[in-house]
Each structure stands twice: as C-alpha cells, then as structure tokens.
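Please open the model in your viewer and keep the sequence panel beside it. The stops below can be selected one after another.

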Amino acid sequence: MSPFTQSSVYPEFLFAQNLSRFNRSMKLLPRMTVLLPSRRGGSGRSLQPPLRQTARQLAYRLAGGSIYQPQFSFLQVIFSWIGSFLGIALLAYLSVHTDYPLIAAPFGATAVLVFAVPDSPLAQPRNVLGGNCIGAIVCIALVQLFGTAPWVMALAVATAIKLMQLTKTLHPPGGAVALVGAMSGASWDFLLTPVLTGSVIILICTVVFNNLVPGRPYPKHWF
C-alpha cells in the first residue's frame, strides 16, 4: 500500500495509537493529594487528585478529535512543502523578471489545496481555473458598476460563491480573488494577470510535480 494513503485508511488505528501515547504521558504526571478537613478533627482524608482525571479527559478528547482531521505521512508533508515552495517561487520570480503581476495572495490558498490535498475535489483543474476566474469576473463587474464600497466587497464574495456552486467549480481561493479584486478596485486586466495566467502556471507546476512523485497522481479529473 502506498505510504501516502496508509494513514487515511486506518483512522481507528491512529486514534488508538494517539490515545495510547496520551495515556503513557499521563502516568508521568505527579500525584497530588487533596486534604479535606475531618469532622472529628485530625489531618483529614485524601482524595484522588482531580488534576490527573482532568488531564486524562482532555487527552482523550484531543486524541479522538484528531481522527476527523486529514492524516499526513512524513513524506506527504515533505513533498507538499517542496511543491508549494516551487510553485509560489516560480510565480514570484516570473512576476519580478517579466514585469507582469502573476502572483496574488489567493494563490497561497490555491497552493495549499493542490499540493497538500491534491485528491480534493476543490483542488482539481476545473475548480482552480473556473473558481479563480469566476471570482475575478464577479469582482470586476461589480467594481465597474458600483465602486469599492464595503457592501460591494461582501456582494462580490457572496456572488462568487453562489456562481461557483452553480457551475460546480467551487474553489475557496476564488472567494479570496473576489475580495482582493473588490478591495483594490480591479480592472479587466486583473482577470488576465494575475488570475488566469497565474492559475495556469500553478496548475502546470502541480501536474508536473505531483506526477513526478510516486503515489501522488494529479489530477483526478480535468473537467
């Protein structure tokens, strides 16, 4: 079995492993004695320390909550770091040396999806291109019609989300594209650079990198 999928196949095993580690750590806690005054006088009687019980309950909840989060192997973490570094670095250096703005803040969120969770439906090419471009078109149109008032920013994000849902191109950074464009009073140039061109470049990086690494096929589907 691929090391990239093993951790996601056995969530119960991970839960038991985490819980076992917490239980071992609880044994290292010092015992504390709580003295209660005795009705007949004397030094009083001792109770089991509440600190240990509280710590155990907290550890159990933390260990249980982790099974609902994505599980990543060490190799997955390393390759996600390398891929996102190369993708964003390429956009940044191209922007510097070509004098074209090919990088924008929402691409950081796109990098999280395509390099950390490339199997996600929200990280597929249809979603990256469609979601980012819809966000750009919506914000530009609203800025041209109504300006950059605060309510226009809110309307741009909400409308972009709705359109992405209807077109099945949901991509969270698309909402960030709409917000950034509305805040900056974007013109139609914003759609071409950085949104469309930057999205294409980061997609090319994702396809090349993920398919060079064993166990990381990308994309799951194009459209």
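Select F209 first: with a relative accessible area of 13%, F209 is buried (buried means under 20% relative accessible area and exposed over 50%, with partly exposed in between, for a 1.4 Å probe and protein chains only). This is a predicted model, in which local features need pLDDT of at least 70 and side-chain atom pairs count only at pLDDT 80 or more, while totals for chains, interfaces and linings use all residues. Residues are numbered from 1 along each chain as its sequence is written, and side-chain values use heavy atoms, with hydrogens and water left out.

Rings of Phe, Tyr and Trp (its six-membered ring) pair if their centres lie within 6.5 Å, and planes under 30 degrees apart count as stacked, over 60 as edge-to-face and the rest as tilted. The count by this rule is three aromatic pairs. One of them can be seen by selecting W81 and F85, whose ring centres are 5.8 Å apart with planes at 10°, so this pair is stacked. Both residues belong to helix α4 (residues 74-98) and sit four residues apart, about one turn of the helix; helices here are DSSP runs of H or I, at least four residues long, numbered from the N terminus. W81 counts as exposed, at 58% relative accessibility.

Now add F115 to F209: the two form an edge-to-face pair, 6.2 Å centre to centre with 75° between the planes. This pair links distant parts of the chain, with F115 in helix α5 and F209 in helix α9 (residues 189-212), 94 residues apart. F115 counts as buried at 1% relative accessibility.

Finish at P118, in the loop between α5 (106-116) and α6 (125-146), where P118 is buried with a relative accessible area of 8%.

Technical notes
Helices (H or I, at least four residues) and strands (E, at least two) are DSSP runs, numbered from the N terminus.
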